[in-house]
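Biologist: I would like to go through this model with you step by step, beginning with one of its sheets and moving on to the domains and the confidence values.

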Amino acid sequence: MKLTLGFLFLLCTALVLATGDTPFSQLLQADFAEWNPLWHERLPRLIVLFLTGASLAVSGAVLQALFQNPLASPSILGVTCGGCLLVLPVFFFQWHLNYPFALPVAACGGSLLTLLLVYALARRKGRVEMGTLILTGIALSTFFLAAQGALLYALRDKWQFVQMLTEWEGGTSADRSWKHVHMQLPLTLIALSGVLYYRREINLLALGEEEALSLGVDVPTVRWRLFLCVSLLTGAALAAMGVIAFFCMLLPHLVRLFYGSNAEKLLPACMAWGALSLATVDITLRAFDVHLLSIGNVSALIGGLTFLLLLTRKRSFSYA
Amino acid sequence: MKMWPKRLPLKQGWNSALLYFLAIAFVATWWLFFFSGQVTPPLPTPPLRAKPVLESIVSRQELLQALKGDFALMGDLVLRWDREAQHRHLNRLPPDKVLRAHYLAKTISLTPNKTALKILPQTYLAAGILLTIATPTDLVALPRGFREQTYLFDAAVTQQIPLDVDHYTTEKLFLARPQIAFVSSHYTHPAALQALANQGVPIHASPNCENVADVLREIEIAGRLIGREQEGELLQLFIEAALLKLDQIPKETKNTLFLSYYDHFYLPLESNITGALVVRAGLPLPKVQTFELKEKLIQWNPETLVIATPRSINLLPFLQQDPGYSQLQAVRKGRVRFVDDEVMQTPTHSLVLAYYDLIEALQP
């Protein structure tokens, strides 16, 4: 399996780096000594795709383990919408043009606040009921979407702003550069390290908080830090590529079918398959010259359809 | 079980604080290192200044004055440009059109008080045209956002019109009793159309304006519908003459590209007025998706770039710092020209100003 993954990574990398208007043979010519599409355009795009895919898949897997619920994911719990809402003023006041880090700061801040709010609202007598959690997430998502809708309605005359936001919310890899890599990479490195560091605790938390506590896990601290990690992963991905819906819920579920629920195996597998899947969607769109749809659109369409398929077949749709 | 982390013992607390500090310091250092060079104070785009060559041929101020509704000036300019074209043996408006413009300018100035209709323009195109050929007090409302575009009509003019067209002003609009409404067949909300129809307001629905001919047609229709045929006709002739005059000004179009910028670059479409003006100026209009524009742009390596951008965006430092764009000949040689996006993108009779700015940007 590792060999297959390695091969697929190489294939994906080669395809992303080879896809573009400039013929590959020209890329090494002297004309491109200073600005090389390979180095300045395609490589950052590849890194952003890999980081985003890995981040979203891992954040979904962690939330599903924490809440012992296969439906839990940043988009279902409203985390993505919360991040989006705080990003809106950054775009409107154009802070991101002069201070690129304003985007990930706003997205991560919004994601974290939402996650804490969902958790606090869904908690009853020290326990988090799964149904309540999902409903709270959906309620907050609805509220944030409504707030965002209200702001956009108020700003509907600013058509360029509305167009830009529509493109960003579509989730796209167009025009990604080293700036996006630098926005995302440090946050992702820290968050992924944190998640991998707590992989044993994630396994225990998947059994339930009481069980984890009895097995010696400092549940509040670990949970808080994992929330932080998920917010960083989701916020950084949001800042770098925009909204990629459904990906973070469906992919961990599919990976779990093959790798099982053990976080020791599940998390690295989610990282690898998340990165590969997102890069594959991008390559496919570019190869077939599809400009009407963004990566976010496609991933949501595929995610939604697959999710429905899984539901209708009722094939082991549970966390364990 | 506690919801939030419990208070840690002092030593453990310090360790925890150190952990967070190190994480924040790592991210802050990273961003500081990679983004510090990019931080620039938000300066407005340098204002356009007419080059002496262009200003001596056509005065932007005069164009502006005429487009605001100075019909005598319109007539004078059409005559003046025609004389200059005769003198230099250049293309000119057909003599009958020149004479007609002269006649109309005189006639309009002799009959200043005309019966006024109460007009409701729902589109920018209609509002712009009507403010020029009618008097501001004839208009009962303006499209939302029109007042903010002060490059053509300043606040002193638009303040005379009390209302903004909105979903929430239907009753106020009804009370204002408009006698005709100018709407768009393309994007006016069906409910708004129905509301106007229910109020018994005659409606003119204009199709999407994609080029100069479409705008001229709309001017003619507007003039006819509000009983200002002469004003409409003169404005049409003036626009034709002004564009012809601007066409004749030498410009540098070799290896020049026009782009728009808002968050990223994009090329204007052929099917809008900006695209039509770009083509008229002799510039190429490649069909490239935003998706792949940067690589294409580096390949084309234009010698001159004309960029339409909002005035709030200072794009030059970005172009100079970006490893890709900084390689372009245009950026290296300092041949990047900025035009005001608001003027370029607004589909009204002010397309004359947009074309003027474009020609100015193309001066060697």
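**Strands, domains and confidence in chain B**

Modeller: This is a predicted model, and a good place to begin is the pairing of strand 1 of chain B with strand 4 of chain B, which run parallel and are joined by three bridges.

Biologist: Which residue of strand 4 of chain B does B:Ile119 stand opposite?

Modeller: Strand 1 of chain B covers 119-121, and strand 4 of chain B covers residues 180-184. Within this parallel pair, the residue of strand 4 of chain B that stands opposite B:Ile119 is B:Ile180.

Biologist: In what order do the three strands of the open sheet with parallel pairing stand?

Modeller: Strand 4 of chain B is joined to strand 1 of chain B by three bridges, and strand 4 of chain B also pairs with strand 5 of chain B, residues 203-206, in the parallel sense over four bridges. Strand 1 and strand 5 of chain B are the edge strands, each pairing on one side only, and the twist averages 15° from one strand to the next. The order in this sheet of chain B is 1-4-5.

Biologist: What is the handedness of the crossover from strand 4 of chain B to strand 5 of chain B?

Modeller: The two strands pair in the parallel sense, with B:Val183 having B:Ala205 as its bridge partner in strand 5 of chain B. Between them the chain passes through helix 9 of chain B, residues 190-198, and this β-α-β crossover is right-handed.

Biologist: Which helix of chain B supplies the largest share of the side of domain 1 that touches domain 2?

Modeller: The domain assignment of chain B places domain 1 at 119-227 and domain 2 at 256-361, and their contact takes 14 residues from domain 1 of chain B and 13 residues from domain 2 of chain B. On the domain 1 side, helix 6 (124-133) and helix 10 (212-225) of chain B each supply at least two residues; by class, this side has nine nonpolar, four polar and one charged residues. The largest share, five residues, comes from helix 6 of chain B.

Biologist: At about what angle does helix 6 of chain B run to strand 1 of chain B?

Modeller: Helix 6 of chain B lies across strand 1, strand 4 and strand 5 of chain B, the strands that form the open sheet in the order 1-4-5. The angle to strand 1 of chain B is about 135°.

Biologist: Why is one side of strand 7 and of strand 9 of chain B left without a neighbour in the sheet?

Modeller: These strands belong to an open sheet of four strands in chain B, with the order 7-6-8-9 and mixed pairing. Strand 7 (264-266) of chain B runs antiparallel to strand 6 of chain B, to which three bridges join it. One side of strand 7 and of strand 9 (336-340) of chain B lacks a neighbour because these strands stand at the edges, each with a single partner strand.

Biologist: Which helix has the highest confidence in chain B?

Modeller: The mean pLDDT of chain B is 84, and 89% of its residues reach 70 or more, but over residues 41-47 of chain B the pLDDT is below 50. Where pLDDT is low, the predicted coordinates should not be read in detail. Confidence in chain B is lowest in helix 8, residues 170-176, at a mean of 74, and highest, at 93, in helix 11.

Conventions. Residues are numbered from 1 along each chain as its sequence is written. Chains are lettered from A and ligands numbered from 1 in the order in which they are written. This is a predicted model: local features need pLDDT of at least 70, side-chain atom pairs count only at pLDDT 80 or more; totals for chains, interfaces and linings use all residues. Domain bounds come from an automatic or database domain assignment. Two residues are in contact if their C-beta atoms, placed from the backbone, lie within 7 Å. Ala, Val, Leu, Ile, Met, Phe, Trp, Tyr, Cys and Pro count as nonpolar, Asp, Glu, Lys and Arg as charged, and the others, Gly among them, as polar. Two strands pair if DSSP finds at least two bridges between them. A crossover is right-handed if, with the strands pointing away from the viewer, the path from the first strand over the helix to the second runs clockwise. pLDDT is the predictor's confidence in each residue, from 0 to 100. Axes are lines fitted to C-alpha atoms, for helices over the stretch in contact, and angles run from 0 to 180 degrees between N-to-C directions.
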